[in-house]
Amino acid sequence: MSTSTTASVSTHILDTSIGRPAEGVAVRLSARAGRDADWQALGGSATDADGRCKDLPTLPQGTTHVRLDFAVEPYFEKNAERHVEKKQADAQQDAPANRDSGAFFPEVAISFAVKPGEHYHVPLLLNPFGYSVYRGS
């Protein structure tokens, strides 16, 4: 929860290739105080059945930038049998029949600027070939 001196962050992941929340994705949270400062690892969580991380660590005072690191490759490897659309897309795009992993992007790192007193909800829309993010509400 944000206060007048800190910001807060939440996230969720929707696997757009199957139209469902992405459960069990590890998420790490890091922060820094100034664009030239080093990143400080604050901890992590994993997405629940609704694709949400409800227990991300609190940001320290003075945080100006936040980074969310999503470990998506293990999620796609674990759920490969549920991703029939990936196989269909491969065939339609004349993509190689054998891939070395279930995800083109093994991890997704999102960095963004924050201001004290604001809440930042950052949804990740994910599929095996790409992703998008936005500031939600």
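**View 1. Phe-104 touches Pro-128 and Phe-129 in this predicted model.** Those two contacts leave aside residues up to four places away in sequence. Phe-104 sits in the loop between helix H2 (84-92) and strand E7 (108-113). Its relative accessible area is 58%. Exposed means over 50%, so Phe-104 counts as exposed. Gly-130 lies 26 residues from Phe-104 along the chain. The C-alpha atoms of Phe-104 and Gly-130 are nevertheless separated by 7.3 Å.

**View 2. Four strands form an open sheet in the order E4-E3-E6-E7.** The pairing is antiparallel. E4 and E7 are the edge strands, and each pairs on one side only. From one strand to the next, the twist averages 20°.

**View 3. Strand E3 (residues 26-32) is largely enclosed by the rest of the structure.** Five of its seven residues are buried. Six bridges join E3 to strand E4 (residues 40-46). These two strands run antiparallel. Within this pairing, Ala-26 has Ala-46 of E4 as its bridge partner. Seven bridges join E3 to strand E6 (residues 65-71), again in an antiparallel arrangement. Val-27 has Phe-70 of E6 as its bridge partner. Ser-30 is partnered with Arg-67, also in E6. In a regular strand, side chains alternate between the two faces of the sheet.

**View 4. The largest nonpolar core holds 27 residues.** Val-9, Leu-68, Phe-70 and Phe-112 touch the most other members. The elements giving two or more residues to this core are strand E1 (8-15), E3, E6, helix H1 (73-78), E7 and strand E8 (119-127). E8 gives the largest share, four residues. Nonpolar side chains tend to be buried together in soluble globular proteins.

**View 5. Phe-112 is in contact with residues that include Val-9 and Leu-68.** Neighbours within four places in sequence are left aside here. Thr-64, His-65 and Val-66 are also in contact with Phe-112. So are Tyr-120 and Val-122. Phe-112 is one of the core residues that touch the most other members, along with Val-9, Leu-68 and Phe-70.

**View 6. Arg-28, Arg-67 and Asp-69 are joined into one network by salt bridges that share partners.** The side chains of Arg-28 and Asp-69 meet at 3.8 Å, N to O. This pair links distant parts of the chain. Arg-28 is in strand E3 and Asp-69 in strand E6, 41 residues apart. Arg-67 and Asp-69 also meet in a salt bridge, at 3.1 Å, N to O. Is Asp-69 buried or exposed? At 8% relative accessibility, Asp-69 counts as buried. Arg-67, at 21%, counts as partly exposed.

**View 7. Glu-118 forms a salt bridge with Arg-135.** The closest N and O atoms are 3.1 Å apart. Glu-118 lies in the loop between E7 and E8. Arg-135 lies in the segment after strand E9 (130-133). The pair therefore ties together parts that are 17 residues apart in sequence. Glu-118 is partly exposed, with a relative accessible area of 34%. Arg-135 is partly exposed too, at 48%. The whole structure has four salt bridges.

Methods
Residues are numbered from 1 along each chain as its sequence is written. This is a predicted model: local features need pLDDT of at least 70, side-chain atom pairs count only at pLDDT 80 or more; totals for chains, interfaces and linings use all residues. Side-chain values use heavy atoms; hydrogens and water are left out. Buried means under 20% relative accessible area, exposed over 50%, partly exposed in between (1.4 Å probe, protein chains only). Two strands pair if DSSP finds at least two bridges between them. Contact means heavy atoms within 4.5 Å. A nonpolar core is a set of buried Ala, Val, Leu, Ile, Met, Phe, Trp, Tyr and Cys residues joined through side-chain atoms within 4.5 Å. Axes are lines fitted to C-alpha atoms, for helices over the stretch in contact, and angles run from 0 to 180 degrees between N-to-C directions.
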